[in-house]
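Student: Please take a single part of this model and go through it closely. I am a first-year student, so give the cut-offs behind any term you use.

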Amino acid sequence: DAVTWSETRTEAFAGLHNYGKRIIVIFDEASWIPGIIWETTEGALTDKDTQIIWCAFGNPTRSTGRFKECFGRFRHRWKTFQIDGRVSRLTNKDQIAQWIADYGEDSDFVRVRVRGVFPRVGTMQFVSPELAEAAASHDRAFALDVTILDPMVMGCDIARYGDDATVIAFRRGRDAVSIPWVTMRGADTVQVAGRIAALIAEFKPDAVFIDDGSFGSGVLDQLRHLGHPVIGVTFGAAADHAVPSADGKIAYANKRAEIWGSMREWLKYGAIPDTRELAQDLTGVEYGYTIREGRDAIILEKKEDMKKRGLSSPDYGDALACTFAQPVAHSDHTAKISNKPIHKVDYDPYADAFKAT
């Protein structure tokens, strides 16, 4: 029987019986099968005096879940095999050698797709919980080394109505904690633009990056009409550059993947607010690979797909990521801090009006 499964219709697997004979259950792509389906299947395999065989196959793409536990706490109940692609007669050895050269033998990419080894973090999980937790720690915030020469940057992820939120994040160098972030819900583009304009006047950032999506475009237009030099970030645009990492240059499929990659590198040293929303956003986004210019390029999970998995749109994560849209030059904030005028004006068009006649 080819039985379709669903997390919302687990009864499709219930009632699987063949008393006194044989039952064979086969799971393919087992890493992706939710735990509730494993539990329902296990509960169905209870027939006495029946030969029961349960096989689960798949790439070890997730560092958590029931498939991983078959090799962990439940390994005494399973016969496990992990196949290294380098010893298989069917694999392309030149391609494997190229992957190892590009990503490193101990990278999660090679561990999962070549060696058959589970990743340190879920290969589909872009930011590890350990990385996010360290960045949100009080020790990291107290140890920050930030000066007035570090540029002040605002990042804005725009939403309108619904469950999503407009989030405005602030970052100066490694510090994304000192200035409280702003969250707005149910606000239209005029209200959001007005709030951003007020924050620009208050904090005088060196750059303001705004998500140039369907709602962000209206906010950008209004702020530019008011004379603010804001910069749009088009998530689906081509990536501008690669980010150096321990595995060498990383290719990104689009601008959103690129700025999240820059943010992930920054999280190793930066400090972020210790909030549940931000932690969930950072660790909830999964990723995969697509081909760009003949090589694998990282592409992030879409917000719509996250919602299908029961997660919220990563508004807080996207707001922080926007602060990495472009490199911002160092700036001297001395004049801003002292409240002295930043711009010099040599010509006063009204000066002659006050001269004695």
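Tutor: The answer below is about one sheet and the parts linked with it.

This is a predicted model, in which local features need a pLDDT of at least 70 and side-chain atom pairs count only at pLDDT 80 or more, while totals for chains, interfaces and linings use all residues. Residues are numbered from 1 along each chain as its sequence is written, and side-chain values use heavy atoms, with hydrogens and water left out.

Confidence comes before the sheet. The average pLDDT (the predictor's confidence in each residue, from 0 to 100) is 84 for the protein, and 87% of the residues score at least 70. In residues 341-345 the pLDDT falls below 50, and this stretch has 2 contacts in the model beyond near neighbours in sequence. Contact here means heavy atoms within 4.5 Å.

Now the sheet. Five strands form an open sheet in the order 5-4-3-6-7, and their pairing is mixed. Strand 5 (182-184) and strand 7 (231-233) are the edges; each has a single partner strand, so one side of each lacks a neighbour in the sheet. From one strand to the next, the twist averages 20°. Two strands pair if DSSP finds at least two bridges between them. The strands themselves (E, at least two residues) and the helices (H or I, at least four) are DSSP runs, numbered from the N terminus. Strand 6 (residues 207-211) pairs with strand 7 in the parallel sense, over 3 bridges. Within this pair, Asp211 stands opposite Val233 in strand 7.

Next comes the helix on this sheet. Helix 12 packs on the sheet and touches strand 3 (152-157), strand 4 (166-172), strand 5 and strand 6, and its direction makes about 145° with that of strand 3. For such angles, axes are lines fitted to C-alpha atoms, for helices over the stretch in contact, and angles run from 0 to 180 degrees between N-to-C directions.

Helix 12 also has a helix partner. The axes of helix 12 (residues 315-322) and helix 9 (residues 255-266) come within 9 Å, crossing at roughly 85°. That makes helix 9 roughly perpendicular to helix 12. Angles of 65 to 115 degrees get that name, while those under 35 count as roughly parallel, those over 145 as roughly antiparallel and the rest as oblique. On the helix 9 side the residues are Arg256, Ile259, Trp260, Met263 and Trp266, and they meet Gly317, Asp318, Leu320, Ala321 and Cys322 in helix 12. Sorted by class, this contact of helix 9 with helix 12 has 7 nonpolar, 1 polar and 2 charged residues. Here Ala, Val, Leu, Ile, Met, Phe, Trp, Tyr, Cys and Pro count as nonpolar, Asp, Glu, Lys and Arg as charged, and the others, Gly among them, as polar.

Back at the sheet, the loop between strand 4 and strand 5 holds Ser178. Ser178 has a relative accessible area of 57%, so it is exposed. Exposed means over 50%, buried under 20% and partly exposed in between (1.4 Å probe, protein chains only). In sequence Ser178 and Ala141 are 37 residues apart, yet in space their C-alpha atoms are 8.7 Å apart.

Helix 6 (residues 138-142) contains Arg140. Arg140 counts as buried because its relative accessibility is 19%. Leaving aside neighbours within four places in sequence, the residues in contact with Arg140 include Leu267, Lys268 and Tyr269.
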